[in-house]
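Please describe this structure for a first-year student. Cover how its charged side chains pair and how its helices pack.

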Amino acid sequence: KTNAERGADKDMANYVERLTKALMETGDFSEEEARAFVEELVRELMGRGVEGEDGGDAGGTRASLPKVETVVGVWNSITSGKSNVEGGRYNMSIAEAIRWALAATRTWRPLIRRALRLLKAEPSDDLVGLGIKYFEELYEYLKEEVGGVEPWRYISSIAIAAAALAKVEKLGVPLNFVKFELRVSGFEKVYEALRLEKFISKVKVSKAQN
C-alpha cells in the first residue's frame, strides 16, 4: 500500500473507534453492539456516497464521512420518535443509512432501550428482551402481511410499539392498553401507522392457542 492508502486506513479505523465510543456514550449500545453496527454503517455511508456537509471527518483518499457528532445527532433524532416535519431536523441520507445498518446487523437492543426510556420505563434486561421479542414479531408481520411496507424504514416506530407492548404486558394489563400508553406518551400516530390493532388481535389469538 502507498503511504496515502495507509493513512486513509488509519483515518478510517480512527473514525470507527470514535463513532463506536460516541454511540456507547448515549447509553443505548454495549461495545459489541456499537462496533458491529458502526462497521456496517460506515460501509453503508461509503457505498451511498454520503459525505459531511461541513467537510466531513475521515479524510484521506476516501470520500469524507459525516462528522461523528453529526451521526450521533441523527441517531438521537430518529430514535426520538419525531419526524423531520415534527422537529427532528436530521440528514435524511444519514438516517436511511442508519436504519439500513440496524436492519442488516439486526441491532435491535439499542433501539428498544431508547424506546423504553421514551415511555418512562427502566430498560431492564428482561423488559428489553420482551421488547425485542415483540419487535421481531411486529417486523415480520409488517414484512409478510402488510403490502408495500419495508419494515427497515420504520424501525424507530416499530421499536416504540414493541416497547409499549412489553411495558403493558409487564404491567399485567390487556395488550389493548397499548393504544392508551402510546397516546399518553405522545406516540399515538405509531398505533395507526403500524396497524397495531390487527397485530395485537393476532398476538392475542396466538397466546390463547398456546
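A salt bridge is a side-chain nitrogen of Lys or Arg within 4 Å of a carboxyl oxygen of Asp or Glu. Side chains of opposite charge can pair when their charged atoms come close. The model is predicted, so local features need pLDDT of at least 70 and side-chain atom pairs pLDDT 80 or more, while totals for chains, interfaces and linings use all residues. Residues are numbered from 1 along each chain as its sequence is written, and side-chain values use heavy atoms, without hydrogens and water.

**Salt bridges**

The rule gives 17 salt bridges. Three of them are listed here.

| Acid | Base | N to O distance |
|---|---|---|
| Glutamate 96 | Arginine 48 | 3.1 Å |
| Glutamate 136 | Arginine 106 | 3.5 Å |
| Glutamate 145 | Lysine 202 | 2.4 Å |

Helices are DSSP runs (H or I, at least four residues), numbered from the N terminus. The salt bridge of glutamate 145 with lysine 202 links helix α6 to helix α10, with the two residues 57 apart in sequence. Partly exposed means from 20% to 50% relative accessible area, between buried (under 20%) and exposed (over 50%), with a 1.4 Å probe and protein chains only. Glutamate 145 is partly exposed at 47%. Lysine 202 is partly exposed too, at 42%. Elsewhere, Glu44, Arg48, Glu96, Glu150 and Arg153 form one network through salt bridges that share partners.

**Two helices in contact**

Helix α6 spans residues 125–145 and helix α10 spans residues 196–209. They pack at about 115°, with axes 11 Å apart. Axes are lines fitted to C-alpha atoms over the stretch in contact, and angles run from 0 to 180 degrees between N-to-C directions. Contact means heavy atoms within 4.5 Å. From α6 come Tyr134, Glu137, Leu138, Tyr141 and Glu145. From α10 come Leu196, Lys198, Phe199, Lys202, Val203 and Lys207. The contact has 6 nonpolar residues, 5 charged and no polar. Here Ala, Val, Leu, Ile, Met, Phe, Trp, Tyr, Cys and Pro count as nonpolar, Asp, Glu, Lys and Arg as charged, and the others, Gly among them, as polar.

**The nonpolar core**

A nonpolar core is a set of buried Ala, Val, Leu, Ile, Met, Phe, Trp, Tyr and Cys residues joined through side-chain atoms within 4.5 Å. The largest one holds 70 residues. Which members touch the most others? They are Ile98, Phe135 and Leu196. Helix α7 (residues 155–171) gives the largest share, 11 residues. Leaving out residues up to four places away in sequence, phenylalanine 135 touches Trp108, Leu111, Ile112, Ile155, Ile158, Ala159 and Ala162.
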